[in-house]
Amino acid sequence: MLEKGITYIHEHIYIDLSKIKNSDDTLLDDKETMISELREIKEKGVRNIVEVTNIGMGRNIEYMEDIRKQTGLNFIYSTGFYIEPFFPETVFQKTDKELAQIMINEIKNGIDGTGIKPEVIGEIGSSQNIITETEKKLFQAAGIAQNETGKVLSTHTSIGSMGLEQIKILKEYSVNFEKVIIGHTDLSNDLDYMLRLLDYGVYTAFDTIGKNSYLLDEKRAEAIKELIKRGYGDKIVLSMDITRKSHFKKNGGLGYSHLLDTFVPMMEKAGISKADINKMLITNPENIFS
């Protein structure tokens, strides 16, 4: 499923949040720039992109498949729904079992009649400091879907919050936590919280690298170093979660290569070994999808 090499664990090759956010910047539709940036990171050893755009986020498989073919990268696609207010009306209308069946159907039969089958249930999300009743229903649906399919379940935590509450819901469905990634936990900037998450056996995602307006990368590197020291180096995965045209280098952003060009040397400078860095970029994703 994964090709041998670096995996970005949480990205969007195409996403459209523009109507809700009222910003064209959140319509990631500059195909040529995307192709150029992805070719650059492929040259640096990236082989896999876990693409977590799902139903209601503007998922466009044909568009992304064209990029995949032009870059030669391996894309891992997702099924599911995001957070309020990005839910389509069907999420409010259907039961948890009915929503689970939508995901299961895509996993078994493919997305939008393409025959392309998602390998991830995600990104399943909760709002900042709260899980709404509809979001809770969706986590229940994701739990049902994971039980039936055994697929990786990737979550969204708004500013790193509510990860423990997500786990509590999923635990009721006996979800396999060895295949659960709690997203955006770096944004919590709370080591104790991360340790409590990791005690459940989940993977913690430092997947907003480069978003220094939320948290400085230096803080991320410090937290990673401490988690490795505590014995959790095999439970950390990395990505950038690029969602805006302004994130591209052409438009003044850091671009996809920032993780490898800047953050990896930053981790090395902080005293994190190359072996541990390779574990987070290569081995841990392989273990998740094994």
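A residue is termed buried when its relative accessible area is under 20%. By that criterion, 59% of the 290 residues of this protein count as buried. The structure is a predicted model, and the protein contains eleven helices and nine strands.

**Overall dimensions**
- The radius of gyration of the protein is 17 Å, close to the 19 Å expected from the globule rule for 290 residues, so the protein is as compact as a globular protein of that length.
- The C-alpha trace extends over about 50 × 40 × 35 Å along its principal axes.

**The three-stranded sheet**
- Three strands form an open sheet in the order β1-β2-β3, and their pairing is parallel.
- The edges are occupied by β1 (6-11) and β3 (74-76); each has a single partner strand, so one side of each lacks a neighbour in the sheet.
- On average, neighbouring strands of this sheet are turned by 20° against each other, with direction ignored.
- Four bridges join β1 to strand β2 (residues 46-51) in the parallel sense.
- Glu 11 has Glu 51 of β2 as its bridge partner.

**The largest pocket**
- The largest pocket encloses about 660 Å³ of space.
- Its lining comprises 35 residues, of which Lys 21, Lys 211, Tyr 214, Asp 241 and Thr 243 are the closest to the pocket centre.
- Classified by residue type, the lining of the largest pocket consists of 13 nonpolar, 16 polar and six charged residues.

How values were computed: Residues numbered from 1 in each chain as written. Predicted model: local features only at pLDDT ≥ 70, side-chain atom pairs only at ≥ 80, totals over all residues. Heavy atoms only, no water. 1 Å grid on protein atoms, 1.4 Å probe; cavity = no way out; pocket = protein on both sides within 12 Å on 5 of 7 lines; lining within 4 Å. Points joined across faces, edges and corners; volume = space filled by probe spheres on them. Nonpolar A, V, L, I, M, F, W, Y, C, P; charged D, E, K, R; others polar. Pairing = 2+ DSSP bridges. Helix = DSSP H or I, 4+ residues; strand = E, 2+ residues; numbered from the N terminus. Axes fitted to C-alpha atoms, helices over the stretch in contact; angles between N-to-C directions. Rg over C-alpha atoms; globule rule 2.2 N^0.38 Å. Buried < 20%, exposed > 50% of the residue type's maximum accessible area, 1.4 Å probe, protein only.
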